Amino acid sequence: MASTVYVSTWPTDPRAFESLFEATPSAIFALDRAGRVVAANAAASQLTGYSREELLALDISQLAQDSIQFVSDALAAAERREASVAEMDLLRQDGSAVPVQVTTIPILDGKHSGYVFFRVEEAHYLTEMRRTRAHMRTLAYYDSLTGLPNRIFFQERLRDSLEHATGQVPCVALMFLDVDRFKDINDTLGHALGDRFLQLVGERLVLLVKNRGIVARLGGDEFVVLVSRCSGGEEVRELAEELLASAEQSYRIEGYEQFITTSIGIALYPDHGRTDQALIKNADIAMYHAKEQGRNAYFFYDESLDAPIRSRLAQEQQLRGALKREEFVLQYQPIFQVSDGNPVVAIEALIRWNHPTLGMLPPDAFIPAAEASGLIVPMGEWVERTAAACMREWQERFGFMVLAINISARQFHQRDLCERLVSIVTEAGLTPQAIEVEITESMALFDAEYAVETIHALKRIGTQIAIDDFGTGHSSLNYLRRFNADHIKIDRSFVAGIGGAVTDDTIVTAIVAMGHSLGLKIIAEGVETGEQYDFLRAQGCDLVQGNLFAPPVDPQQLEILLAGKR
Ligand code: C2E
Ligand code: CA
Ligand code: CA
């Protein structure tokens with residue numbers, strides 16, 4: 001802002017300079033050598049919130065908050081007759097601080113030398129920058145969904161607590177909390193309500209923990225409670241029990257009543273680790289253990305928990321490597337119609353691991369680990385893609401046959417199961433009608449309502465459905481009807497019992513009759529003897545599979561078999 005001063009000659013009257021001093025929009029303080037305020041203008045009073053009288057009683061360093069060094073430096077420079085410019089925080093009368101830019105001007109006039117002017121201007125750009133910085137800090141340290149401190153904040157606090165943990169603080173406790181089966185909740189509620197649910201969980205935790213510790217969200221459905229000053233294991237045990245009990249109270253989400261449980265893993269400093277990394281890892285291990293022990297439980301870390309986790313991690317790494325090195329192979333086992341000539345109507349793909357040192361491993365040796373680690377999903381995709389490509393070729397050479405694919409529980413619960421199948425199958429040049437998805441009976445019954453819906457979705461895209469390992473679960477007729485599957489595969493343990501225990505014969509007979517009454521076709525798997533086949537045929541079983549006809553074989557051998565059939 002330009003100000004205009006009208007003079008005809010250079011004013012000699014000091015009052016002219018006084019009015020200039022007084023009316024300048026910048027805050028100006030005149031200071032003596034010691035930094036005492038000897039004069040201040042109206043803007044100075046306005047900026048600081050002090051009256052003129054109050055200002056005159058002040059030492060400039062009282063306005064300088066943390067920048068006393070800065071003031072004495074500026075005064076020393078003035079003493080050397082140097083001007084200086086710098087930024088500092090000005091402390092106002094109301095206690096607030098405002099960033100300012102200060103120009104120190106030494107007075108060189110003989111009579112007044114030894115005094116300096118402090119010209120102080122509010123540094124708006126600094127205020128703005130600080131506001132942004134504060135906001136960025138909030139973004140970096142808080143979780144946007146729940147408003148809770150995030151992982152970064154938590155880790156810094158943990159490191160702080162450990163630095164300050166001395167003799168007076170007996171221990172620091174870390175409690176990892178994970179909502180059991182959150183994935184299922186998310187799948188049933190949908191994403192938006194799933195998010196709302198996590199907010200409710202966070203709020204309830206904060207209300208319960210109060211000032212006993214800090215609640216942070218580490219991501220997903222993982223929360224942590226950090227107790228920086230805790231008296232020992234007993235206090236933590238009580239808190240863990242309260243946490244478990246409180247989580248079990250129902251959550252109301254837009255009219256739904258949701259029940260959950262949580263699993264908690266606990267690590268204490270210094271017993272279970274001395275560094276933040278060790279404590280975090282060990283609380284995590286303890287949490288895994290709580291899950292493995294059937295959930296809804298808390299566990300303190302213990303060295304004995306390490307071994308199984310390590311081996312599982314090792315196994316997971318091996319599987320990951322095997323997938324990358326393409327060590328998995330598929331064998332194929334045909335499914336035959338029970339009629340003269342036993343034509344091949346379908347082919348089941350069965351995975352094996354061609355292990356570099358252990359040789360050919362059956363699926364039971366690695367599917368559980370793949371399932372637990374989630375690796376089953378990319379593995380399953382590989383199976384589907386590979387088998388679909390082969391089937392495409394076989395259909396061209398040998399006519400239409402269905403490809404039967406086994407899917408695991410984790411795959412069955414994939415949100416995009418149908419879309420993915422359709423895209424893989426069409427990419428290979430097949431239609432979904434050429435696919436049969438095999439779901440085990442126990443998987444279907446685990447959450448039967450979900451299974452009904454998912455099976456219907458699969459049927460809508462055109463695939464067929466077989467209920468595998470049938471007879472080992474406790475299917476209700478009601479669900480079996482509602483699943484609306486195409487086939488049931490009698491579990492091979494019953495087939496093996498044919499001709500032996502009377503009960504197995506009766507069970508097989510009953511399954512065939514019941515399946516037919518519901519409009520399902522029956523596949524008998526594991527058929528090894530002519531006697532078994534004759535019995536099955538007499539009962540009206542529709543399809544058979546087993547070593548009597550063909551064991552699972554490599555693609556080349558299968559092609560020989562199919563060529564011979566024609
Ligand atoms: P399943 O689906 O019940 O597969 C039938 C099993 O019976 C296969 O075992 C097969 O080799 C075996 N089998 C076939 N004919 C006979 C016979 O005459 N006698 C006897 N005793 N056994 C016979 P396999 O290949 O060891 O597979 C075991 C299980 O692993 C499968 O049971 C299936 O649940 C699972 N599995 C196999 N491949 C995959 C896959 O690609 N993905 C998933 N998720 N699971 C798979
Ligand atoms: Ca199967
Ligand atoms: Ca089976």
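Is Q545 buried or exposed? I began with this residue in what is a predicted model, and I noted that Q545 counts as buried because its relative accessibility is 1%, where buried means under 20%.

**Entry 1, around Q545.** I placed Q545 in the loop between β21 (543–544) and α22 (555–565). I then looked up its side-chain partners and found a polar contact of 3.0 Å that joins the side chains of Q545 and K489. Setting aside residues up to four places away in sequence, I listed what Q545 touches: Q333, P334, I335, E348, K489, A524, E525, G526 and V527. One of these, Q333, sent me on to the ligand.

**Entry 2, ligand 1.** Which residues come nearest to ligand 1? I counted 23 residues around ligand 1, of which Q333, R352, R492, E528 and N547 come nearest. For Q333, I noted that an N or O atom of its side chain is 2.9 Å from a nitrogen atom of ligand 1. At I351 the partner is a polar backbone atom, which lies 3.1 Å from a nitrogen atom of the ligand. For R352, I recorded 2.8 Å between an N or O atom in its side chain and an oxygen atom of ligand 1. I next looked up the cover and found that ligand 1 on its own has 810 Å² of accessible area, of which the protein covers 84%. The elements that give two or more residues to the shell around the ligand are β14 (344–355) and β18 (464–470), and the largest share, four residues, comes from β14. Sorted by class, the shell holds eight nonpolar, seven polar and eight charged residues.

**Entry 3, nonpolar cores.** I then turned to the largest nonpolar core, which has 77 residues, and saw that W394 and I439 touch the most other members. Helix α13 (residues 376–398) gives this core its largest share, 10 residues. Which residues does I439 touch, not counting residues up to four places away in sequence? I wrote down I407, F412, A444, I455, L458, I465, A466, I467 and D468. There is also a second, separate core of 36 residues, and C171, I185, L189 and L208 are among them.

**Entry 4, backbone geometry.** I went through the backbone with a general expectation in mind: most residues other than glycine have a negative phi, and most peptide bonds are trans. The peptide bond from Y269 to P270 is cis, with omega near 5 degrees, and I found P270 in the loop between β11 (262–269) and α10 (276–292). N296 has a positive phi, near 50 degrees, although this residue is not a glycine. I located N296 in the loop between α10 and β12 (298–300), and its relative accessibility of 30% is why I entered N296 as partly exposed. E326, also a residue other than glycine, has a positive phi near 55 degrees. I placed E326 in the loop between α11 (306–324) and β13 (328–337), and E326 counts as exposed because its relative accessibility is 63% and the exposed class takes values over 50%.

**Entry 5, G35.** I found G35 in the loop between β1 (27–31) and β2 (37–40), and I recorded G35 as buried because its relative accessible area is 0%. Leaving aside neighbours within four places in sequence, G35 is in contact with D59, I60 and L75. I also looked up V116, which is 81 residues from G35 in sequence and 8.6 Å from G35 in space, C-alpha to C-alpha.

**Entry 6, R151 and A97.** I noted R151 in helix α6 (residues 151–164), where R151 is partly exposed, with a relative accessible area of 36%. Not counting residues up to four places away in sequence, R151 touches R217, L218 and E222. F223 is 72 residues from R151 in sequence, and I read 9.3 Å between the two, C-alpha to C-alpha. Last, I turned to A97, which lies in strand β4 (residues 97–106) and counts as partly exposed, at 38% relative accessibility. I looked up A97 together with E242 and found the two 145 residues apart in sequence and 43 Å apart in space, C-alpha to C-alpha.

Methods. Residues are numbered from 1 along each chain as its sequence is written. Chains are lettered from A and ligands numbered from 1 in the order in which they are written. This is a predicted model: local features need pLDDT of at least 70, side-chain atom pairs count only at pLDDT 80 or more; totals for chains, interfaces and linings use all residues. Side-chain values use heavy atoms; hydrogens and water are left out. A residue is near a molecule or strand if one of its heavy atoms lies within 4 Å of it. A polar contact is a pair of N or O atoms within 3.5 Å; within protein, one must be able to donate a hydrogen and the other to accept it, and residues adjacent in sequence count only if both atoms are side-chain atoms. Accessible areas come from the Shrake-Rupley method with a 1.4 Å probe; for residues, only the protein chains shown count as cover. Ala, Val, Leu, Ile, Met, Phe, Trp, Tyr, Cys and Pro count as nonpolar, Asp, Glu, Lys and Arg as charged, and the others, Gly among them, as polar. A nonpolar core is a set of buried Ala, Val, Leu, Ile, Met, Phe, Trp, Tyr and Cys residues joined through side-chain atoms within 4.5 Å. Buried means under 20% relative accessible area, exposed over 50%, partly exposed in between (1.4 Å probe, protein chains only). Contact means heavy atoms within 4.5 Å.
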